[in-house]
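I set out to record what I looked up in this structure, entry by entry. The topics are aromatic contacts, pockets, the nonpolar core, salt bridges and a few single residues.

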Amino acid sequence: ENFDQQLAKGFAWVGTPKDVYDAMMTYYEAIGGFEIASVHVNPATTRFEPAARSVRMFAEHVIPRAAAA
């Protein structure tokens with residue numbers, strides 16, 4: 001399965017923190033909830049700083065919003 005297929009199925013969440021939150025919550029509602037969401041950054045295609053920034057943004061902006069929902 002490639003990235004586009006994963007994105008179409010809601011398995012991959014990309015974009016701004018709002019985009020990621022919205023995609024995550026759409027998937028959450030579609031499957032009846034989940035207990036764990038994790039961040040995966042492909043080290044083969046992403047340099048360290050952009051990858052670290054993505055993880056920080058998820059931790060700072062998406063997790064708190066999801067925890068409050």
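**Entry 1. Aromatic residues**

I began with the aromatic cluster, bearing in mind that this is a predicted model. F11, W13, Y27, Y28 and F34 form one such cluster. My search of the whole structure returned 5 aromatic pairs. I examined the pair of F11 and Y27, which is edge-to-face. I noted a centre-to-centre distance of 5.9 Å and an angle of 85° between the planes. The angle is over 60 degrees, so the pair counts as edge-to-face rather than tilted or stacked.

I then placed the two partners along the chain. F11 sits in the loop between helix 1 (3-9) and helix 2 (17-31), while Y27 belongs to helix 2. The two residues are 16 apart, and their pair links distant parts of the chain.

I also looked up the accessibility of both. F11 has a relative accessible area of 46% and is partly exposed. Y27 is partly exposed as well, at 22%. The cut-off for buried is under 20%, so Y27 does not qualify as buried.

**Entry 2. The largest pocket**

How much space lies in the largest pocket? I recorded about 700 Å³. Its lining comprises 23 residues, and W13, V14, V39, H40 and S54 are those nearest the centre. W13, listed here, is also a member of the aromatic cluster.

Helix 1, helix 2 and helix 3 (48-68) each give two or more residues to this lining. Helix 3 supplies the largest share, with 7 residues. By class I noted 14 nonpolar residues, 8 polar residues and 1 charged residue in the lining of the largest pocket.

**Entry 3. The second largest pocket**

I turned next to the second largest pocket, whose volume is about 170 Å³. Its lining consists of M24, M25, Y28, F34, E35, I36, A37, F58, I63, A66 and A67. Here helix 2 and helix 3 are the elements that contribute two or more residues. Which helix gives the most to this lining? I found that helix 3 does, with 4 residues.

The class count for the second largest pocket is 10 nonpolar, no polar and 1 charged. I checked the list for the charged residue and identified E35, because Glu counts as charged. Y28 and F34 in this lining also belong to the aromatic cluster.

**Entry 4. The nonpolar core**

Which residues make up the largest nonpolar core? I listed 6: V20, Y21, M24, M25, F58 and V62. Helix 2 and helix 3 each give two or more residues to this core. The largest share comes from helix 2, with 4 residues. M24, M25 and F58 of this core also appear in the lining of the second largest pocket.

I looked at V20 separately. V20 lies in helix 2 and is buried, with a relative accessibility of 9%. That value falls under the 20% cut-off, so V20 meets the burial condition for membership of a core. Between V20 and F3 I recorded 17 residues in sequence and 15 Å in space, C-alpha to C-alpha.

**Entry 5. Salt bridges**

How many salt bridges does the structure hold? I found 2. One joins the side chains of E1 and K9, with 2.5 Å from N to O. E1 is exposed at 56% relative accessibility, whereas K9 is partly exposed at 47%.

The salt bridge of D22 and K18 has its closest N and O atoms 2.6 Å apart. Both residues are in helix 2, 4 residues apart, so about one helical turn separates them. D22 is partly exposed, with a relative accessible area of 27%. K18 is likewise partly exposed, with 49%.

**Entry 6. A residue in the loop**

I closed with A12. Is A12 buried or exposed? The relative accessible area is 13%, and A12 is therefore buried. A12 is placed in the loop between helix 1 and helix 2, the loop that also holds F11. I noted finally that A12 and R56 are 44 residues apart along the chain, with their C-alpha atoms separated by 17 Å.

Technical notes
Residues numbered from 1 in each chain as written. Predicted model: local features only at pLDDT ≥ 70, side-chain atom pairs only at ≥ 80, totals over all residues. Heavy atoms only, no water. Phe/Tyr/Trp six-rings, centres within 6.5 Å; stacked < 30°, edge-to-face > 60°. Buried < 20%, exposed > 50% of the residue type's maximum accessible area, 1.4 Å probe, protein only. 1 Å grid on protein atoms, 1.4 Å probe; cavity = no way out; pocket = protein on both sides within 12 Å on 5 of 7 lines; lining within 4 Å. Points joined across faces, edges and corners; volume = space filled by probe spheres on them. Salt bridge = Lys/Arg side-chain N within 4 Å of Asp/Glu carboxyl O. Core = buried A, V, L, I, M, F, W, Y, C linked by side-chain atoms within 4.5 Å.
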